[in-house]
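I opened this structure to take notes on a few parts of it. The entries are in the order in which I looked things up.

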Amino acid sequence: MIDPVRTEIIRCALVQAAEDMNTTLIRSSYTPVIYEGKDCAVALLDRDHNVLGQSSGLPIFLGNLEVCSRETELRHGPDVWREGDIWLLNDSYIGGTHLNDVTVYGPIFAGGELAGFAASRAHWIDVGSKDPGGSMDSTSIFQEGLRLGPVKAYEGGRPLRDLHEVIAANVRFPHATLGDLRAQVSCVMMGQRRLTEIISRWGLETVLAARDEIFAQTERMERAAIAALPDGVYQAGGHLDNDGIDLGTPLPVNVTITVSGESMRVDLTDCADQALGPVNCGAAQAVAAVRVGYKLLVSGDVPLNGGSFRPLTVETRPGSMLAARSPAACQYYYSHLGLLIDLVVKALAPVMPDRVAAASYGDSMIVQFCGTDPRTGKPYVSQEATVGGWGAWDGGDGETCLINNVNGSLRDMPIEVLETLFPVRVTRYETRHGSGGAGRWRGGDGVVREYEFCADVSLSLWFERSVTPAWGLAGGEAGAPPRVILNPGGAGERHVLKVNALPVRAGDVLRCETGGGGGYGPPAHHPVSEAAGPIPSARHRAPGG
Amino acid sequence: MSYRVAMDIGGTFTDVVCYDEKTGTVVAAKASTTPHDLAEGVFAALARVVEDPADIAYFVHGTTQGLNALLERKGARVLLLAGAGAGDVYHIARGNRDRMFDLRYRKPEPLVPREDVMEIGGRLDWRGHELVPLDERSVRRAARRARDEGFDAVAVCLLFAHADPAHELRAGEILREELGDEVMIVLSHQVSREWREYERTSSAVLEAYTGPVVRRYLAEVERRFAERGLTVPVHVMQSSGGLVNAAYARRRPLRTLLSGPVGGTMGGVAAARLLGRRNVICVDMGGTSFDVSLVVDGRPDVSAEARIEGHPVLMPIVNLHTIGAGGGSLAYAEAGALRVGPESAGAVPGPACYGRGGTRPTVTDANVVLGRVDPAWFAGGLMDLDVDAAGVAVAALADEVGLDPLSLAEGVCAVANAKMAQAIRTLTVEHGVEPRDFALVAFGGAGAMHAAFIARELGVSEVVIPRFPGAFSAWGMLEADVRRDLTHPYFRQQDALDGADMAGRFAALAAEALDALAEQGVPADRRRVEHAVDMRYEGQDYTLTIPLRAAGEPAGPGFLPEISARFAEAHTGRYGHATPEAAVEFVMLRSTGLGSFPRAAAGVPAAHGEAAPAVRDVIFDGAAHATPVLRRAALDGELTGPAIVVEETATTVIPPGCLAVVDDNGFLIVKVDQ
């Protein structure tokens, strides 16, 4: 029996160790998608692959980094781990996400014995897919780039040249990519150092006893939170617009949540079969998305560790869009995950009115263009996710122009940075007034972001949630769906939502409008005006006024 | 004319330190802050240390006037002018969330409502070349609105003003013509020459929001000096840790926003110099917060940007990391676990031992139960300590988690110490340095009580408790240099580098910096300018600031390989790896003008001995130790722990196994056993 003082000190040390890993990764990465977009996550794991500490830039990387070391051990046996070795994996069907998400991980030894693992996942700007930065119309994993792992990247503390050469020869930006790999390795080494320090200070036995107690505490807190919900079956459903290939066929996603005593079961089997287009994910990622919804509602303040999610089971159907098998395309693995998170919230709304909010504008809203910059003669890729409106709740309007759940703490690209780096101009960046859903409490508004291209570019877009726009709750109305117009008002005006590698000319204008959030409560006293023009900022208005 | 006076105006108390140039002695005193009229408190505090204000030769202070206006949302009414199509940039605020699991997220409350933003026509491209001329009529329309509606300030932020400020300058001229001198006009490029329109807008807005308040206050202080027939040059501490005179502070009031707390870090810089150390951790622990900052290689750890109350500001600012672990941090049980902080009991009700109705145990209560707080010396004797209430609060929690009260009290301190130590370690990670190479300088009311324990956690072997720990920030201001930071955006990839051109830019910056120091009244032989360039590998975002040997260095042969090598070395130090073969790019030129005034010489009064110190039982490692309670002024020779050293503003705990000694500078040095 370990006392609560040592347990708490060790818990704080493990949490801080993960923060140190994250700091190391973000500060030493080469590409904006990591240091600016925070498209990364780190975890410190115990010998049994349970999370000791985790720090995540993206919520959807929540608690699923452990699948990498676990799978490696399943394949190669428990004796595979050697001190100084570092492994790498990006297989979509194991890690659950797209090939761009590369997990780098290594064992941690203390006194010659395996004590745990450190893992870092980061989005690589390019992994050699058929289009730079990733395709929006891929139909198999083999079009999406280099698929690796589990493979060793370092042996005995030294980089393995062969693998590095394979990577360098297969990606479009080898310098930045290998730089990011090194940043991830530094991060893993930081985790190794921290856990070794903790163990050498307290002794392995004490650390393990503290771990068991920490996990038990977390599990107790989560079980108590679920036990407070009425038993029952709660459901919600919606549609993904399409798979990016067959634009006319919406794909259903349904969630059934069974609360029974102090445990919760989430059934995801009732969803579309794995699609031709790149909207599939591995089961690990569907589980992670459910965990995000669970964390938003059930266990927001509970520390995240190996005791987390024990009362939660998630069922997926192999061969479905949420548990895809090879060779399903997975590049846009996250569109339905954002939907899934919102659906978990919607399903539980009747029993958790004090925690939920109406749906948000959706996810991704990706604007990607690439080409050769005439100013430098160098190739480039620009990729941005766009902000939008969030859902209202009982007591508050939804926030306006905020990044979606899936993209975590991503910041938008400043106009001054974007125009300096790429041949483009941003001519408008403003609130899309009136796009939030009406209600006693209004949904937040989306954004208008308008580009004028200064060179010929290849344009790809991924705008979602037009079939199931952000719904309201308790009688609130839905937010406006997204709208994207190429050359608005011009001769070649064209409405689009998803395109891949569309050739666009210098001088062409692209206007992107993201959706608003759903409203909350009936809008009787709160009329919504579609007229353009500023309305008072939502949070200053009195309810019902 | 012989006194040099420094003053740190805090929320509750004003600390003042006075150095007598004739006798070489230093005295410190405390006065109540007078929030309704800070200038009144300034003169009350002066009266405590100086008989005749005519003897003041030099006056420096840190003021919280601007920060208070921000915290209390009592700043100026600001009209914001933005470029066409970019009027929502300030409210979109980059659209990010800093809490991930929150469906009801709110961005930081903007200081300017959307209806007070006006767009004005005109546009530059990424190089600063004009695409659309400035629409002067729209500027005049805005000026009319500012006048008609009585705005206190107008902030202007136009796209790419960092590359070419011509449009902003012209807009400023028009506004000045229309509005006269009463309304404050802030142009974003004058606040910061860095890219990123939201951050620059936010900086300009913050300057406009706090500026009029700071200006009024400085005018009042100078007026009162003048009333007494004095022409004392009034200096103000900047967030960068450097001083400027009041005239400059009026022009760039934003730079004084974190004026007060930064004094502690500059005290750390001065302490490092006196101790002959390069690296120092500064720990300022008060009732509710715990601020950590670093001195690395003898310099304060200064960032080019920070976030204050959620609002980004682009200006040189000493990195102060606030951790929710002070004396007031609450301890509580959760699912069988013991937690300490970050929630604080605050000033009201405060810790149970304050006797103001607090019933939940805090770190301070734990210290009381352990006997580490001497009731007679608590809060400078200004407050009665309710020892029983602390005992009751601690016992209740002890019962809940199944520990005896003394073990719990020690445990609460241990958890708080561990959290503080971990936070410090994370800071050092960002710098690629190890804490064990540092000395720990502890100050503030509670810093010295925990310092030795935190040092042990970090493997730090030396703790330094300065004289007047409660007034250390004021002392630090007395020791600081005048500082003016100049920047020039200089975006060049390495193959486009023209060394002679860069050297020419630096020469111009150097001349400007020397002029700025002259304007600050720094004598010619005490002016110096340091140069540095922000660099990164092509494609990286974060830059490293690489010092140059001289302004002319870039013109020399072999500059590129030389600076690239230095950059790679710095990169390895910071990140643990480098790519020597990779191309670098240059982002920003920085020149810093520094002017030093004569330092206060160390004058330490002789110890006057103490016949029979009080002895009390204090708990260390679960056992009661008979521990002498010594007055700091009486310390003489080496001291072996356990011991408690008390003085007006602080209590130092020296655990068993540690040695303490007062050095020639009057620092109490604690050697911590590991």
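The entries below cover a sheet in chain A, the contact between the chains, the domains of chain B and a hairpin in chain B. I keep in mind throughout that this is a predicted model.

**Entry 1: a sheet in chain A**

I looked up how the strands are ordered and found an open sheet of 5 strands in chain A, running 14-15-20-17-18. The pairing in this sheet is antiparallel. I then asked which strands stand at the edges. They are strand 14 (424-432) and strand 18 (494-496) of chain A; each has a single partner strand, so one side of each is left without a neighbour in the sheet. From one strand to the next, I note a twist that averages 20°.

I followed one edge further in. Strand 18 of chain A pairs with strand 17 (residues 483-486) of chain A over 3 bridges, in the antiparallel sense. Within this pair I found Val484(A) opposite Val496(A), the latter in strand 18 of chain A.

**Entry 2: the contact between chains A and B**

I looked up how many residues each chain brings to the contact: 63 residues come from chain A and 55 residues from chain B. On the side of chain A that touches chain B, the elements giving two or more residues include helix 6 (174-202), helix 7 (204-227) and helix 8 (283-297) of chain A. Strand 14 of chain A is also one of these elements, and I had already met this strand at an edge of the sheet. Which element gives the most? Helix 1 of chain A does, with 14 residues. Sorted by class, this side of chain A has 28 nonpolar, 19 polar and 16 charged residues.

**Entry 3: domains of chain B**

I noted four entries in the domain assignment of chain B: domain 1 (3-70 + 222-259), domain 2 (73-214), domain 3 (329-368 + 383-411) and domain 4 (482-595). For domain 2 and domain 4 of chain B, I read a distance of 29 Å between the C-alpha centres.

**Entry 4: strand 33 of chain B**

I looked up the partners of strand 33 (residues 668-671) of chain B. Strand 32 (residues 659-662) of chain B pairs with strand 33 in the antiparallel sense over 4 bridges, and Val661(B) has Ile669(B) as its bridge partner. These two strands form a hairpin with 5 residues between them. In the turn, I noted a positive phi of about 85° at Gly666(B).

Strand 22 (residues 462-465) of chain B also runs antiparallel to strand 33 of chain B, joined by 4 bridges. Here Glu462(B) has Lys671(B) as its bridge partner.

Last, I asked which residues of strand 33 of chain B are on the covered face and which on the uncovered one. Leu668(B) and Val670(B) are on the covered face, Ile669(B) and Lys671(B) on the uncovered face.

Conventions. Residues are numbered from 1 along each chain as its sequence is written. Chains are lettered from A and ligands numbered from 1 in the order in which they are written. This is a predicted model: local features need pLDDT of at least 70, side-chain atom pairs count only at pLDDT 80 or more; totals for chains, interfaces and linings use all residues. Two strands pair if DSSP finds at least two bridges between them. Axes are lines fitted to C-alpha atoms, for helices over the stretch in contact, and angles run from 0 to 180 degrees between N-to-C directions. Two residues are in contact if their C-beta atoms, placed from the backbone, lie within 7 Å. Ala, Val, Leu, Ile, Met, Phe, Trp, Tyr, Cys and Pro count as nonpolar, Asp, Glu, Lys and Arg as charged, and the others, Gly among them, as polar. Domain bounds come from an automatic or database domain assignment. A residue is buried if 20 or more other C-beta atoms lie within 10 Å of its own, exposed if 12 or fewer, and partly exposed in between; C-beta atoms are placed from the backbone.
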